[in-house]
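Reader: I have a structure to read and would like to go through it by question and answer. Where should we begin?

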Amino acid sequence: MRLDAPSPCLEADEVKTTHVALLRGINVGGKNRITMADLSSVFVAAGCGGVRTYIQSGNVVFEAAARTASGLATAISARLEQDFALRSPVVLRTASELAEVARGNPFLSRGQSEDIAHVMFLADLPDPAAARALDPKRSPPDAFEIVGRDVYLSCPNGIAKTKLTNAYFDSKLKTVSTGRNWRTVMALLAMTAA
């Protein structure tokens with residue numbers, strides 16, 4: 001083996017892909033306040049590159065190697081609590097996973113307005129039995145559909161009035177969720193392509 005040749009293993013480890021971090025409850029209602037510069041610095045310190053934020057509510061686009069990304073959600077949450085006394089769950093998606101979310105909205109494919117579309121991003125794949133046990137009539141006229149680790153929402157009266165909340169999905173599906181409106185989903189998708 002030549003010493004000056006790059007190691008195939010090291011080369012594969014260094015391939016970086018684009019990811020989106022979705023933090024729950026950042027700068028909402030005067031709580032969990034953090035500047036986007038401070039939030040970006042946490043991701044840079046964790047080994048991420050090309051860190052960019054979108055609006056003030058905990059949306060971060062970044063590049064990372066697979067080994068960096070693998071434990072990143074837990075590491076970022078711990079660092080935010082340690083350095084800023086913030087408790088904020090972090091949910092990650094790759095750029096390609098976010099593109100699948102954008103293509104797969106069942107409500108939009110039926111002609112519903114983007115203005116009432118939201119997505120709850122789940123940290124884990126829910127147990128199928130728990131997903132089937134969710135009450136489809138919990139918050140009429142609101143509706144939801146689960147596709148993989150994503151819960152698509154249609155909320156005609158607005159997200160503030162729905163009973164389809166983080167607390168509901170977290171408790172019933174035994175995972176962590178964070179929601180975004182459709183405009184934010186599409187803005188983040190555009191950032192992953194830039």
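Author: Begin with a definition: buried means under 20% relative accessible area, exposed means over 50%, and partly exposed lies in between (1.4 Å probe, protein chains only). The model is predicted, so local features need pLDDT of at least 70 and side-chain atom pairs count only at pLDDT 80 or more, while totals for chains, interfaces and linings use all residues. Residues are numbered from 1 along each chain as its sequence is written, and side-chain values use heavy atoms, with hydrogens and water left out.

Reader: How many helices and strands does the protein have?

Author: Helices (H or I, at least four residues) and strands (E, at least two) are DSSP runs, numbered from the N terminus. Counted this way, the protein has nine helices and eight strands.

Reader: What is the radius of gyration of the protein, and what does the globule rule give for 194 residues?

Author: The radius of gyration is taken over C-alpha atoms, and the globule rule is 2.2 Å times the number of residues to the power 0.38. The two values are close, so the protein is as compact as a globular protein of that length. Along its principal axes the C-alpha trace spans about 65 × 35 × 30 Å. The radius of gyration is 18 Å, and the rule gives 16 Å.

Reader: What share of the contacts between residues at least 6 apart in sequence joins residues at least 24 apart?

Author: Contact means heavy atoms within 4.5 Å. Among contacts between residues at least 6 apart in sequence, the share that joins residues at least 24 apart is 68%.

Reader: Is Asp170 buried or exposed?

Author: Asp170 is in helix α8, residues 166–173. The relative accessible area of Asp170 is 15%. The limit for the class is under 20%, so Asp170 is buried.

Reader: Which residue meets Asp170 in a salt bridge?

Author: A salt bridge is a side-chain nitrogen of Lys or Arg within 4 Å of a carboxyl oxygen of Asp or Glu. Side chains of opposite charge can pair when their charged atoms come close. Here the N to O distance is 2.6 Å, and the partner of Asp170 sits 146 residues away, in the loop between β1 (16–23) and α2 (36–45). That partner is Arg24.

Reader: Which parts of the structure do the buried residues of α8 pack against?

Author: In α8, the buried residues are Tyr168, Phe169, Asp170 and Leu173. They pack against β5, α7 (128–132), β6, β7 and β8 (177–181).

Reader: What phi does Lys174 have?

Author: Lys174 comes just after α8, in the loop between α8 and β8. At 71% relative accessibility, Lys174 counts as exposed. Lys174 is not a glycine, yet its phi is positive, at about 55°.

Reader: Which other residue that is not a glycine has a positive phi of about 55°?

Author: This residue is in the loop between α4 (72–84) and β4 (90–94). At 66% relative accessibility, the residue counts as exposed. The residue is Ala85.

Reader: How many residues apart are Glu145 and Arg110 in sequence?

Author: Glu145 forms a salt bridge with Arg110, the closest N and O atoms being 2.4 Å apart. Glu145 lies in strand β6, whereas Arg110 is in the loop between α6 (106–109) and β5 (117–122). Glu145 is partly exposed at 26%, while Arg110 is exposed at 51%. The pair ties together parts of the chain whose separation in sequence is 35 residues.

Reader: Which residue forms a salt bridge with Glu97?

Author: Glu97 is in helix α5 (residues 95–103), and its partner is 52 residues apart, in the loop between β6 (143–147) and β7 (150–154). Glu97 is partly exposed, with a relative accessible area of 27%. The N to O distance is 3.1 Å, and the partner is Arg149.

Reader: What is the relative accessible area of Val119?

Author: Val119 lies in strand β5. Its contacts beyond four places in sequence include Val101, Tyr152, Trp182 and Val185. Val119 is buried, with a relative accessible area of 1%.

Reader: Which residues does Thr184 touch, not counting those up to four places away in sequence?

Author: Thr184 is in helix α9, residues 182–193. At 7% relative accessibility, Thr184 counts as buried. The residues that Thr184 touches are Tyr54, Ile55 and Asn59.
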